[in-house]
Amino acid sequence: MQSNFWDWKAHYDHQPVETVFDCLIAEFLLSQGKSVPSQELAQHLYGVQTLDELAAKQLAKFQQLPTLYAYFTSLELPMIPVLWQMEQTGIFLDVPCLQQVATEMDVAVTELEQSMKKTVGFEINLKSTVQIGTFLAEKLMVPLQKTKTGKYATNETEISQYAEQFPFIQSLLQYRELTKLRSTYVETLIEAVAEDGRIHTRYTQVAAQTGRLSSSAPNLQNIPVSAGFGQKIKSCFKAAKGKVFLSFDYSQQELRILAHLSKEAALIKAFQEKKDVHTATAAQIFSVKYEDVTKEQRMIAKTINFGVVYGMSSFGLSAQLHIPVDAAQQFITSFYTTYPNIRKYFEQYLTEGKMTGFVETILGRRRAVFEQAGHTTIDNSLRRVLINYPIQGSAADLMKKAVITIHQQVVENNPDCALLLQIHDDLVFEVTDNAQVIEDLTVKVKKMMCEVYPLAVPIEVDIKIGKNWGEMTRI
DNA sequence: TGTAAGTGA
DNA sequence: TGACGTCACTTACAG
């Protein structure tokens, strides 16, 4: 485990100095009188001889971009000590508990393996997509689609439609789920446990183009949530003795941000009245009363709500809902009839982006519209990326702002409370298991998260508590 | 090293 | 026409 801030910070040494943020981090390090071994990279990429020179160049750029500079100094720089503290603290993993889970998984895997190999009748590697595809298509005569490289597609959505017909496919899906969980999470996590019994992930500020954090070695932002073995794995992350986990999760944050950005009155109203936003959307697009929305209608509305955030097309929606393309198109049309300002917002936003060459988040984080010089058109793929950016990116902005405040005002120098994880919209703390402490933190942290930035809609936070990460209950 | 697959938000 | 929902990370196979 790293013993101090600068040792920890040195992990940037292994990253290319590719972005303006990296460069300013380099400048920041220099200002502290610390050397940065990525000098060679700066030289290579920017043609400068020293990091002083590089820093001067970047600062000059920033002086012309006050909003971006304010974003950088008020969010990216103050995040550094927060991440340092999170990485240094780590999270406890109960290794014997996880090994027990692994044993249970092995039993299930062996059973599946034997029955599947019996069905196949010849030597086969069940993990090889090529071998499995050939077997399914040519022996069992399953009408599989081809991938772009001409091989049989054996992914879940492709083969699960034949699961009823072929028990072998059911076994295969189970086998894949188990072996995936086993190899990705069990061995890796056990190996990642440090001498202090805890896992110290690494957060990177400059990996995700939207400004989100990324986590690696191991990635603690994609620990399984599914019932069964997934949840059992997650349950092996436990609060230390005398401590308890508290998690704070922004509720529907991306849709709230969409409501704010688009100023769409109908959507804003739904949030203000504390309605279930998917039910509210369903009521509108199906022209039924809020109380009369069926489960089916809500499910469709939920898919559309999330799809819109990603710029989904009628084809994508039809695939997702297993309905004809024209039916999907009708849903999308009704959505935009219900929320006309969302469409207007996207159009205006894209027009402006094309004109200025960049788009930005609520707090002023930029993204270039055309990454390569000479490109001047927005194709569908670029359109989706751009549409998603202000929503995902602004959510990341607000989370950073909240986390910085929380760290400075609640966590720092507080032996009763440590921030362990940040999973995009979710914060996990380890706190002293004492009613007064919990009550106090719950109120303070929630308030800071909700009041981080005044949106056109109220911000809501779900709070959960538990002795392990897999079994958290709402409070 | 690239592709396919599958976890999470 | 062709492609067809964003952002990540990791594993495994196959070349």
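**Protein surfaces at two DNA strands, and the packing of sheet and helices**

Helix α18 contributes the most to the surface near DNA strand C, supplying five residues. The model is a predicted one. Besides α18 (380-411), several other elements each provide at least two residues to this surface. They are α7 (129-139), α9 (167-192), β4 (214-216), α14 (295-309) and α15 (314-321).

In total, 34 residues surround DNA strand C. Ser128, Gln209, Gly316, Gln320 and Arg384 come nearest. By class, the surface holds 20 polar, nine nonpolar and five charged residues. Sugar or phosphate accounts for 69% of the atoms of DNA strand C within 4 Å of the protein. The rest belong to bases.

Specific polar contacts involve both side chains and backbone. The side chain of Arg384 places an N or O atom 2.8 Å from a sugar or linking oxygen of DNA strand C. For the side chain of Asn219, an N or O atom is 3.0 Å from a sugar or linking oxygen of that strand. Gly307 uses its backbone: a polar atom there is 3.2 Å from a base nitrogen of DNA strand C.

DNA strand B is surrounded by 21 residues. Thr149, Thr154, Arg212, Asn222 and Val225 are the closest. Of the atoms of DNA strand B that come within 4 Å of the protein, 81% belong to sugar and phosphate. Here α9 gives the most to the surface, with four residues. The class count is nine polar, seven charged and five nonpolar.

Contacts to DNA strand B reach phosphate and base. A phosphate oxygen lies 3.3 Å from a polar side-chain atom of Arg176. A backbone N or O atom of Asn155 lies 3.3 Å from a phosphate oxygen. Asn222 addresses a base: an N or O atom of its side chain is 2.5 Å from a base oxygen of DNA strand B.

The β-structure includes an open sheet of five strands. The strand order is β8-β9-β5-β10-β11, with antiparallel pairing. β8 (417-423) and β11 (471-474) stand at the edges. Each has a single partner strand, so one side of each lacks a neighbour in the sheet. From one strand to the next, the twist averages 25 degrees. In a regular strand, side chains alternate between the two faces of the sheet.

Two pairings within the sheet can be followed residue by residue. β5 (residues 243-250) and β9 (residues 426-432) pair in the antiparallel sense over seven bridges. Asp249 has Asp426 in β9 as its bridge partner. β10 (residues 461-468) runs antiparallel to β11 and is joined to it by three bridges. Ile465 stands opposite Thr473 in β11. A hairpin of two residues connects β10 to β11.

Helix packing was examined for two pairs that share α17. Two packed helices are described by the angle between their axes and the distance between the axes. The axes of α11 (residues 253-262) and α17 (residues 340-356) come within 9 Å and cross at roughly 75 degrees. That crossing makes α11 roughly perpendicular to α17. From α11, the contact draws on Leu258, Leu261 and Ser262. From α17, Asn341, Ile342, Tyr345 and Phe346 take part. This contact has five nonpolar, two polar and no charged residues.

α17 also packs against α18, at an angle of about 105 degrees and with the axes 11 Å apart. Angles of 65 to 115 degrees count as roughly perpendicular, and α17 and α18 are therefore roughly perpendicular to each other. Tyr345, Phe346, Tyr349 and Leu350 in α17 meet Arg383, Leu386, Ile387, Tyr389, Pro390 and Ile391 in α18. By class, the contact of α17 with α18 has nine nonpolar, no polar and one charged residues.

Two backbone features remain. Most residues other than glycine have a negative phi, and most peptide bonds are trans. The peptide bond from Ala217 to Pro218 is cis, with omega near -5 degrees. Pro218 is found in the loop between β4 and α10 (229-234). Met141 is not a glycine, yet has a positive phi of about 60 degrees. Met141 lies in the loop between α7 and α8 (156-159).

How values were computed: Residues are numbered from 1 along each chain as its sequence is written. Chains are lettered from A and ligands numbered from 1 in the order in which they are written. This is a predicted model: local features need pLDDT of at least 70, side-chain atom pairs count only at pLDDT 80 or more; totals for chains, interfaces and linings use all residues. Side-chain values use heavy atoms; hydrogens and water are left out. A residue is near a molecule or strand if one of its heavy atoms lies within 4 Å of it. A polar contact is a pair of N or O atoms within 3.5 Å; within protein, one must be able to donate a hydrogen and the other to accept it, and residues adjacent in sequence count only if both atoms are side-chain atoms. Ala, Val, Leu, Ile, Met, Phe, Trp, Tyr, Cys and Pro count as nonpolar, Asp, Glu, Lys and Arg as charged, and the others, Gly among them, as polar. Two strands pair if DSSP finds at least two bridges between them. Axes are lines fitted to C-alpha atoms, for helices over the stretch in contact, and angles run from 0 to 180 degrees between N-to-C directions. Angles under 35 degrees count as roughly parallel, over 145 as roughly antiparallel, 65 to 115 as roughly perpendicular and the rest as oblique. Contact means heavy atoms within 4.5 Å.
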